[in-house]
Amino acid sequence: MTRVTLGKTGIIVNKNGFGALPIQRISMEEAKLLLRKAYDSGINFFDTARFYTDSEEKIGYALSDVRDEIYIASKTMCSNTQEFWEQLHTSLKMLKTDYLDIFQFHNPSFCPKPGDGTGLYEAMLEAKEKGMIRHIGITNHRLHVALEAAESHLYETIQFPFSYLATEAEIGLVKKCEENGIGFIAMKALSGGLITNASVAYAYLAQFDNVVPIWGVQKEMELDEFISYIENPPILNEELLAIIAHDKEELGGEFCRGCGYCLPCPANIEIPTAARMSLMIRRAPASVYLSEEWQVKMKKIEDCIHCNNCKNHCPYGLDTPELLKKNWIDYQNLI
Ligand code: SF4
Ligand code: SF4
């Protein structure tokens, strides 16, 4: 069983972490079955967020009796200290616990620091002193914010999108975290659905000793696959390296990650899927994206009012309206 030590926190977890965003979409009992199976199989790290509706409540429902044997990370999207405390209290209540192992700022647009006038970092320190949280973390989709956090020595863990499509700069962030004793939690190791071979994704991340991927799990068969890696971890051989090389060439650097930070769109365009439709259609085994429902949704791209809200909020610096336009043209040709 491969284990990862999350930097200086001393937290040692199974290399397969449980990303609890997708369990919002299933019932309480279905979530309990999944979470329990994960725990029984050796998965001991569960990452959730206050923002993920009832995800925390489901973890509390399924795992509160084994609280001492697992690690729980949650997140706050607070913009002031009042929200910080409200959200922390709610998270603890929902999770049926009196402490979080890691509490993370959830994708802030800046790196909170002591004395920056927001009081947010000071609130983290106070929560730690009170024993409500054990370690301070941050999640982000913006490389410059994550790098600033890594260099600040203020954060014990950093959560960032990391997969085999990573750029050299993103790999540099992972190395920086290792040098500075910061645990690296990898989100979107399947790049929001664009990577369809999970074993290749695992094998790539296995090269980085300080990285723990949190797999977003909604179905039992998905969980079973990750559980199988505990005893039989996929190895990065020639065949898997060839798949990575092929995907890197096909996807390039300028693709939509489906993160959704560009929403809401005033024209109600489903940007996170529409802006990468060309890729989804070609990479999904049996494409659902050619349905009448999706044809209607894609046609909405014509309603774009070019407000640039999406472009201004995309952490990857994409020209989102242009990307949507290209995807719409390609989609019409395919139809
Ligand atoms: S530019 Fe177009 S796609 Fe982007 S947010 Fe505005 S209306 Fe929506
Ligand atoms: S366009 Fe940018 S912000 Fe919107 S979903 Fe894609 S990557 Fe995320």
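Which residues are the closest to ligand 1? I shall begin there, and I note at once that what we are looking at is a predicted model.

The shell of ligand 1 has 15 residues, and the closest of them are C265, C304, C307, N309 and C310. Two helices, helix 13 (309-313) and helix 14 (320-334), each provide at least two residues of that shell. Helix 14 is the one that gives the most, with three residues. In terms of residue class, the surroundings of ligand 1 comprise 11 nonpolar residues, four polar ones and no charged ones.

Let me turn to ligand 2. Here too 15 residues form the surroundings, and C256, C259, C262, P272 and C314 are the closest. The shell of ligand 2 consists of 11 nonpolar residues, three polar residues and one charged residue. The charged class is thus represented by one residue around ligand 2, whereas the shell of ligand 1 has none.

I now move to the division of the chain. The domain assignment gives domain 1 as residues 3-244 and domain 2 as residues 271-334. Their C-alpha centres are 28 Å apart. Five residues of domain 1 and four residues of domain 2 take part in the contact. On the side of domain 1 that touches domain 2, there are one nonpolar, three polar and one charged residue.

Next, the cores. The largest nonpolar core contains 79 residues, and F18, I158, A186, A201 and V212 have the most contacts inside it. Helix 7, which spans residues 198-205, contributes the largest share of this core, namely six residues. As for A201, if we set aside its neighbours within four places in sequence, its contacts are S163, Y164, A189, L190 and I195. There is also a second, separate core, with 19 residues, and I271, M280, I301 and C310 are among them. C310 deserves a second mention, since this residue of the second core is also one of the closest to ligand 1.

My last topic is a pair of helices. What is the angle at which the axes of helix 2 and helix 3 cross? The axes of helix 2 (residues 55-63) and helix 3 (residues 81-95) cross at roughly 35 degrees, and they come within 6 Å. Helix 2 makes this contact through E56, E57, I59 and G60, while helix 3 uses S91, M94 and L95. Sorted by class, the contact has three nonpolar, two polar and two charged residues.

That concludes my presentation, and I welcome discussion.

Technical notes:
Residues are numbered from 1 along each chain as its sequence is written. Chains are lettered from A and ligands numbered from 1 in the order in which they are written. This is a predicted model: local features need pLDDT of at least 70, side-chain atom pairs count only at pLDDT 80 or more; totals for chains, interfaces and linings use all residues. A nonpolar core is a set of buried Ala, Val, Leu, Ile, Met, Phe, Trp, Tyr and Cys residues joined through C-beta atoms within 7 Å. A residue is buried if 20 or more other C-beta atoms lie within 10 Å of its own, exposed if 12 or fewer, and partly exposed in between; C-beta atoms are placed from the backbone. Helices (H or I, at least four residues) and strands (E, at least two) are DSSP runs, numbered from the N terminus. Two residues are in contact if their C-beta atoms, placed from the backbone, lie within 7 Å. A residue is near a molecule or strand if its C-beta atom, placed from the backbone, lies within 6 Å of it. Ala, Val, Leu, Ile, Met, Phe, Trp, Tyr, Cys and Pro count as nonpolar, Asp, Glu, Lys and Arg as charged, and the others, Gly among them, as polar. Domain bounds come from an automatic or database domain assignment. Axes are lines fitted to C-alpha atoms, for helices over the stretch in contact, and angles run from 0 to 180 degrees between N-to-C directions.
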